[in-house]
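Trainee: I should like to request a close look at a single part of this model, set in the context of its surroundings. Please take the matter step by step.

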Amino acid sequence: MDDAMTFYDFRPRAAKGGGCRGGAPRAGAVAAAERVVAAGGRRAAIGVVLGTGLGGLADRLGAASVMPGHETGWLARSSATGHAGRLVCGLLYGVPVAMLQGRVHGYEGFSPETLSRGVELLAALGVRTILLTNASGGLRPDMRSGELVVVTDHLDFVRRPWDAALEPAEGVAPTPGYEPGLADLALEATRRVDAVARRGVYAFLSGPSYETRAEYRMLRRFGADVVGMSTVPEVVVAGRMGLETVVCSVVTNVARPDAPSLTDAEDVCRMAAAAGEGVWAIVEALVHRAAGRPRCGSC
Ligand code: HPA
């Protein structure tokens with residue numbers, strides 16, 4: 001018997017927020033989770049979506065099984081650079097963790113209901129706490145490439161019905177699930193490895209091109225700290241499903257509206273990968289918390 005099964009309760013949890021009629025992953029996600037388990041994957045307590053350039057972190061899981069996303073019969077195949085599109089299920093300090101290496105984006109032509117499939121699959125695998133990561137452009141003049149932003153709220157400039165698939169009750173306000181306690185935990189974890197990190201607001205734009213100088217200025221005035229093209233649909237749906245959510249964004253380029261420079265997808269991937277230790281520190285902190293253990297001396 002899988003010893004992790006005796007320790008963690010993988011039953012779906014009731015959604016928070018009261019007004020949500022859905023709150024559970026769709027049937028397709030549940031069937032995909034069963035397929036994953038039948039193929040040797042394991043259920044998980046912690047879920048992680050690894051954004052641009054961060055996919056390599058999944059190699060650190062022990063006893064891992066790897067499944068190409070499309071073989072789940074549920075996940076779509078990403079064409080974006082740095083998004084391998086695999087599901088990795090494994091153990092970290094004995095805690096079952098599921099990681100998605102990459103995600104799909106609206107700018108690749110995927111419909112809103114497709115963008116949340118990854119988090120629904122993780123929820124169907126039993127995940128209750130989820131770390132969503134991404135690469136972003138920094139909007140604050142004092143930012144440096146490579147620093148981390150623990151996202152505490154967002155501006156959604158795309159706003160389509162991300163959560164329609166989960167049938168929210170009419171008139172219910174969106175309930176993004178950014179968990180303040182987890183943001184604190186994440187920041188503390190990054191400090192332990194001397195990563196530069198701060199709290200911030202993420203602006204979600206459709207892309208695929210980066211912003212104009214005028215747009216960067218506008219976003220800053222609107223109160224955004226970083227800008228990117230992903231994650232918000234996942235945050236909204238994760239909140240609907242009652243998952244505790246923490247978002248960590250790697251600043252891969254800093255907007256300099258008055259001295260613009262060129263950034264390409266390869267630069268973004270390289271910069272994100274270099275910030276991996278800070279992101280990994282957050283994963284470890286979540287795992288220790290899930291196990292109810294104080295962290296070990298070295299992590
Ligand atoms: N804008 C939008 N998305 C991004 C950026 C950016 O400057 N950098 C990395 N992802």
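In which elements of the protein is confidence lowest and highest? With that settled, please examine helix α9 closely.

Mentor: The model is predicted, and confidence in the protein is lowest in helix α1 (residues 3–7), at a mean of 35, and highest in β1, at 98. Across the protein, pLDDT averages 86, and 84% of the residues score at least 70. Over residues 1–22 pLDDT stays under 50, although the model has 35 contacts beyond four places in sequence for that stretch. Where pLDDT is low, predicted coordinates should not be read in detail.

Helix α9 covers residues 276–291. Its 16 residues, at 1.5 Å a residue, should span 22 Å, and the end C-alpha atoms are 23 Å apart, so expectation and model agree. Just after α9, glycine 292 adopts a positive phi of about 70°.

The next matter is burial. In α9 the buried residues are Gly276, Gly278, Val279, Ala281, Ile282, Val283, Glu284, Ala285, Leu286, Val287 and Ala290. The list includes the charged residue Glu284. In soluble globular proteins, nonpolar side chains tend to be buried together. Here, the largest nonpolar core has 84 residues, and Ile46, Val97, Val127 and Ile282 have the most contacts inside it. Helix α9 gives the most to this core, with eight residues. Ile282 is itself one of the buried residues of α9. Leaving aside residues up to four places away in sequence, isoleucine 282 touches Leu131, Ala186, Ala189, Thr190 and Cys248.

Two of these contacts lead towards the ligand. Leu131 falls within the range of β5 (129–138) and Cys248 within that of β9 (244–254). Both strands, together with β8 (226–228), give two or more residues to the shell around the ligand. The largest contribution, three residues, comes from β5. The ligand is surrounded by Ala135, Ser136, Gly137, Tyr210, Glu211, Val227, Gly228, Met229, Thr252, Asn253 and Val268. By class, this shell divides into five nonpolar residues, five polar and one charged.

A second buried site may be set beside the helix. Glycine 41 is found in the loop between α2 (27–38) and β1 (46–50). Because glycine 41 has 22 C-beta neighbours inside 10 Å, and 20 or more suffice, this residue counts as buried. Beyond four places in sequence, glycine 41 touches Val36, Ser65, Met67, Leu87 and Cys89. The C-alpha atoms of glycine 41 and serine 65 are separated by 5.6 Å, with the two residues 24 residues apart along the chain.

Terms used: Residues numbered from 1 in each chain as written. Predicted model: local features only at pLDDT ≥ 70, side-chain atom pairs only at ≥ 80, totals over all residues. Core = buried A, V, L, I, M, F, W, Y, C linked by C-beta atoms within 7 Å. Buried ≥ 20, exposed ≤ 12 C-beta atoms within 10 Å, placed from the backbone. Helix = DSSP H or I, 4+ residues; strand = E, 2+ residues; numbered from the N terminus. Contact = placed C-beta atoms within 7 Å. Near = placed C-beta within 6 Å. Expected span 1.5 Å × (residues − 1). pLDDT = per-residue confidence, 0-100.
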